Number of protein chains: 2
Amino acid sequence: MEQHRLDVFQVIADPSRRQILHLLSKDSSTINSLAENFDMSRPAVSKHIKVLYHAGFIEIQDIGRERHCILKQDGFKELNEWLAYYDKFWGDKLDKLGALMNDNLNKK
Amino acid sequence: MEQHRLDVFQVIADPSRRQILHLLSKDSSTINSLAENFDMSRPAVSKHIKVLYHAGFIEIQDIGRERHCILKQDGFKELNEWLAYYDKFWGDKLDKLGALMNDNLNKK
DNA sequence: TTTATATGTAACTTGTGGGTTACGCAAATT
DNA sequence: AATTTGCGTAACCCACAAGTTACATATAAA
């Protein structure tokens with residue numbers, strides 16, 4: 001039900017959000033317990049959670065009045081694909097260099 | 001001589017900058033010829049170039065009055081490392097799931 | 001040497017993202 | 001039933017990033 005699909009690059013641009021992801025990689029936790037790790041207010045964290053959720057970085061399980069945030073892979077995939085394109089670019093560049101060196105070796 | 005080391009996440013958060021990187025992956029080019037691909041003014045592109053440069057995404061060769069921009073790997077590395085951490089996270093998670101399934105199989 | 005080109009930069013404007021406080025509500029606790 | 005807890009949201013503020021225009025400079029072309 002994550003409608004708007006935010007720009008994942010924008011989403012991870014914020015250091016606080018990256019730290020939230022890092023915290024959640026250690027242990028999934030609720031919004032309040034996440035907020036304890038920050039200077040900012042609890043509503044601010046709540047906003048970040050909303051953003052992370054809509055970008056597919058976390059999922060949320062409502063347990064009573066608590067919201068448990070759990071890391072989710074979807075958001076990362078888009079980033080991985082973007083980087084893969086450039087990884088390929090660098091790879092190709094190396095290949096071409098290698099081919100060139102081979103050519104030169106064969107010539108003499 | 002790239003002094004300040006900008007936050008690479010912030011840097012790639014801008015869609016225009018990502019498009020510049022993409023254009024440069026096709027062909028290295030000057031600032032003016034880059035600007036032709038955009039609606040924004042030439043100075044705006046110039047600024048983006050500066051940002052990309054200081055974050056290690058491009059290098060620049062001055063040829064006469066022209067500045068040739070070439071893709072550079074440094075900036076991407078930091079992103080790769082960040083993502084690698086989470087890739088490992090997902091990998092480990094799968095491993096644990098696999099171990100659990102194995103345990104269950106052995107029990108019966 | 002005059003003109004055109006390729007660029008950097010300063011000064012300014014503006015939209016918006018990230019913060020706040022104040023409030024409301026439902027689920028627990030007492 | 002009253003209170004506390006965990007949370008969402010609305011309304012607001014403000015710094016800043018990203019754009020603009022105007023100007024300066026160095027190189028190339030005429």
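**DNA strand D and the two domains of chain A**

In this predicted model, DNA strand D is surrounded by 22 residues, and the closest of them are A:Ser46, A:Arg67, B:Ser41, B:Lys47 and B:His48. Of the atoms of DNA strand D that come within 4 Å of the protein, 59% belong to sugar and phosphate.

A few side chains of chain B can be picked out individually. Start with B:His48, already named among the closest residues: one of its polar side-chain atoms sits 2.3 Å from a phosphate oxygen of DNA strand D. B:Asp14 also has a polar side-chain atom facing a phosphate oxygen of the strand, here at 3.5 Å. With B:Arg65 the partner is a base oxygen of DNA strand D, and the distance from a polar side-chain atom is 3.0 Å.

As for where the surface near DNA strand D comes from, several elements give two or more residues to it. On the chain A side these are helix H3 (31–35), helix H4 (42–54) and strand S3 (66–71). Chain B adds helix H2 (15–26) and its own helix H4 (42–54). The top contributor is H4(A), with 5 residues. Sorted by class, the residues of this surface come out as 10 charged, 7 polar and 5 nonpolar.

Now for chain A itself. The domain assignment splits chain A into domain 1, covering 1–72, and domain 2, covering 74–108. Their C-alpha centres are 35 Å apart. The two domains do touch, though: 11 residues of domain 1 are in contact with 6 residues of domain 2. Together they bury about 740 Å² between them, and carbon and sulfur atoms give 71% of that area. On the domain 1 side, A:Val8, A:Phe9 and A:Lys72 lose the most area to domain 2, and these three together make up 54% of what that side buries.

What about polar links between the domains of chain A? The count of salt bridges between domain 1 and domain 2 is 1. A salt bridge joins the side chains of A:Arg5 and A:Glu78, with 3.4 Å from N to O. Given the domain bounds, A:Arg5 falls in domain 1 and A:Glu78 in domain 2. Across the same interface, 3 residue pairs are in polar contact, with both residues at pLDDT 80 or more. The side of domain 1 that touches domain 2 is made up of 7 nonpolar, 1 polar and 3 charged residues.

Notes:
Residues are numbered from 1 along each chain as its sequence is written. Chains are lettered from A and ligands numbered from 1 in the order in which they are written. This is a predicted model: local features need pLDDT of at least 70, side-chain atom pairs count only at pLDDT 80 or more; totals for chains, interfaces and linings use all residues. Side-chain values use heavy atoms; hydrogens and water are left out. Domain bounds come from an automatic or database domain assignment. Contact means heavy atoms within 4.5 Å. Buried area is the accessible area (1.4 Å probe) that two parts lose on being put together, summed over both. A salt bridge is a side-chain nitrogen of Lys or Arg within 4 Å of a carboxyl oxygen of Asp or Glu. A polar contact is a pair of N or O atoms within 3.5 Å; within protein, one must be able to donate a hydrogen and the other to accept it, and residues adjacent in sequence count only if both atoms are side-chain atoms. Ala, Val, Leu, Ile, Met, Phe, Trp, Tyr, Cys and Pro count as nonpolar, Asp, Glu, Lys and Arg as charged, and the others, Gly among them, as polar. A residue is near a molecule or strand if one of its heavy atoms lies within 4 Å of it. Helices (H or I, at least four residues) and strands (E, at least two) are DSSP runs, numbered from the N terminus.
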